[in-house]
Amino acid sequence: MKEFGYQRARDVTGAVALLAADPDARFLGGGTNLVDLMKSGVERPARLVDVRELPLDRVEPAADGGLRIGATVTNSDLAAHPEIRRHYPALAQAVLAGASGQLRNMATVGGNLLQRTRCGYFTDVSGPCNKRAPGSGCPAVAGEHHNHAVLGASHHCVAVHPSDMGVALTAFDAVVSYESADGPGESPITDFYLPVGDTPHRETALPPGALITHVSLPAAPVTARSRYRKVRERASYAFAIGSVAAALDIEDGRVRDARLALGAVASRPWRARAAEAVLTGAPADGATFAAAADAELAAARPLPDNGYKVTLMRNLVVSVLTELAEGDAR
Ligand SMILES: Cc1cc2nc3c(=O)[nH]c(=O)nc-3n(C[C@H](O)[C@H](O)[C@H](O)COP(=O)(O)OP(=O)(O)OC[C@H]3O[C@@H](n4cnc5c(N)ncnc54)[C@H](O)[C@@H]3O)c2cc1C
Ligand code: SF4
């Protein structure tokens, strides 16, 4: 592991200034991803700027009736927060479905959104990978890709984004706010993660050296009736091979409002807008839910060894929507 400096940031302006002064510096949240990547040689920062003592550790009410989540709120505190559990239950469920209790105690909201892919070629610095070494190639396309992307990928990279939290935040139209050397900025989470195209190494709309300060959840009545379901290869402590965050508002047997996002199928949490269009205004029944899933998955382009994900996601979407509808029958 390369030698590195360590500094604790005391305020947001100072944290941003420290990174602006040193392009080889990185922010340190809980360190649960960054430190692993430093050990494997994927990341080689000269300095770590620890952000955990910044005053960004609160979940607070926002002026529009939604919530403002500080970037250093731990995953554990987020999942346990009463307002999150009451108004955005799928978010609490998504966070609790990730990692382990010890990891969630360390991991922060900012770090979770910026965690890197678990593609095995990405973390093996002895071989090529377009995301880690642009232009070197993507061995996953012809190699091991059973857990890789079926939506929105390119032949330059077929990796998936690993965050569970990000899937629920995407369904709920969260907005990511940051502070950079050029001042504050924000991005809807649906634009925050960039399309893969031929630049898989460019992952987010965050300007270089910018600090995520908070994530805003808009108020929307539909989010209170939401659910997150994750499928993984073992019962716990594993990343998703497919996941769904869904919210459904039903009136007189018809869908009044629907939110749907899919996880572990694309380079970013995947907002299922085609499915939402089918759901909105339609009867809240199995035929509609299957048509919605099919509408979204029509764009799927599976690789030889991950076609199972299309079937899995169809069944998962129908199952989660059915559960929500049955819990919401009125
Ligand atoms: C064994 C294991 C199992 C896991 N299982 C799951 C799982 O099932 N689901 C899941 O979603 N995740 C899982 N994780 C990943 C875990 O959730 C992430 O490692 C964690 O959320 C990252 O948060 P952190 O604060 O530790 O980030 P760090 O490791 O500190 O940082 C990650 C990245 O974010 C940057 N960063 C941190 N904070 C900020 C900020 N405020 N502004 C700008 N940049 C910032 C860092 O510079 C770094 O590039 C697992 C991890 C492990 C080790
Ligand atoms: S899928 Fe992406 S991360 Fe994995 S080897 Fe290909 S370029 Fe690298």
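**Ligand 1 and the sheets around it**

Colleague: What makes the approach of F27 to ligand 1 a polar contact?

Modeller: A backbone N or O atom of F27 is 2.5 Å away from an oxygen atom of ligand 1. A polar contact is a pair of N or O atoms within 3.5 Å, so this pair qualifies. The model is predicted, with local features requiring pLDDT of at least 70 and side-chain atom pairs pLDDT 80 or more, while totals for chains, interfaces and linings use all residues. Residues are numbered from 1 along each chain as its sequence is written, chains are lettered from A and ligands numbered from 1 in written order, and side-chain values use heavy atoms, without hydrogens and water.

Colleague: Which side chains have an N or O atom paired with an oxygen atom of ligand 1?

Modeller: The side chain of T108 does so at 2.6 Å, and that of N112 at 3.2 Å. Both pairs therefore meet the same definition of a polar contact. The protein covers 92% of the 980 Å² of accessible area (Shrake-Rupley method, 1.4 Å probe) that ligand 1 has on its own.

Colleague: How do you know which residues belong around ligand 1?

Modeller: A residue is near the ligand if one of its heavy atoms lies within 4 Å of it. There are 31 such residues, and F27, G31, T32, T108 and D164 come nearest. The shell has 15 nonpolar, 13 polar and three charged residues, where Asp, Glu, Lys and Arg count as charged and Gly is among the polar ones. Helix α7 (109–114) is one of the elements that supply at least two residues, and its four are the largest share.

Colleague: Why are β1 and β2 called edge strands?

Modeller: The open sheet has three strands in the order β1-β3-β2, with parallel pairing. Strands are DSSP runs (E, at least two residues; helices H or I, at least four), and two of them pair if DSSP finds at least two bridges between them. β1 (5–8) and β2 each pair on one side only, so both are edges.

Colleague: How do you know that β1 and β3 are paired?

Modeller: Four bridges join β1 to β3 (residues 47–50), which satisfies the requirement of at least two. One of the residues involved is R8, whose bridge partner in β3 is D50. Helix α1 (residues 12–20) packs on this sheet, touching β1, β2 and β3 (contact: heavy atoms within 4.5 Å).

Colleague: What makes β6 and β7 a pair?

Modeller: Six bridges join β6 (residues 175–180) to β7 (residues 183–188), and the strands run antiparallel. The same criterion of at least two bridges is therefore met. The two strands form a hairpin with two residues between them.

Conventions:
Polar contact = N/O pair within 3.5 Å; in protein donor to acceptor, adjacent residues only side chain to side chain. Axes fitted to C-alpha atoms, helices over the stretch in contact; angles between N-to-C directions.
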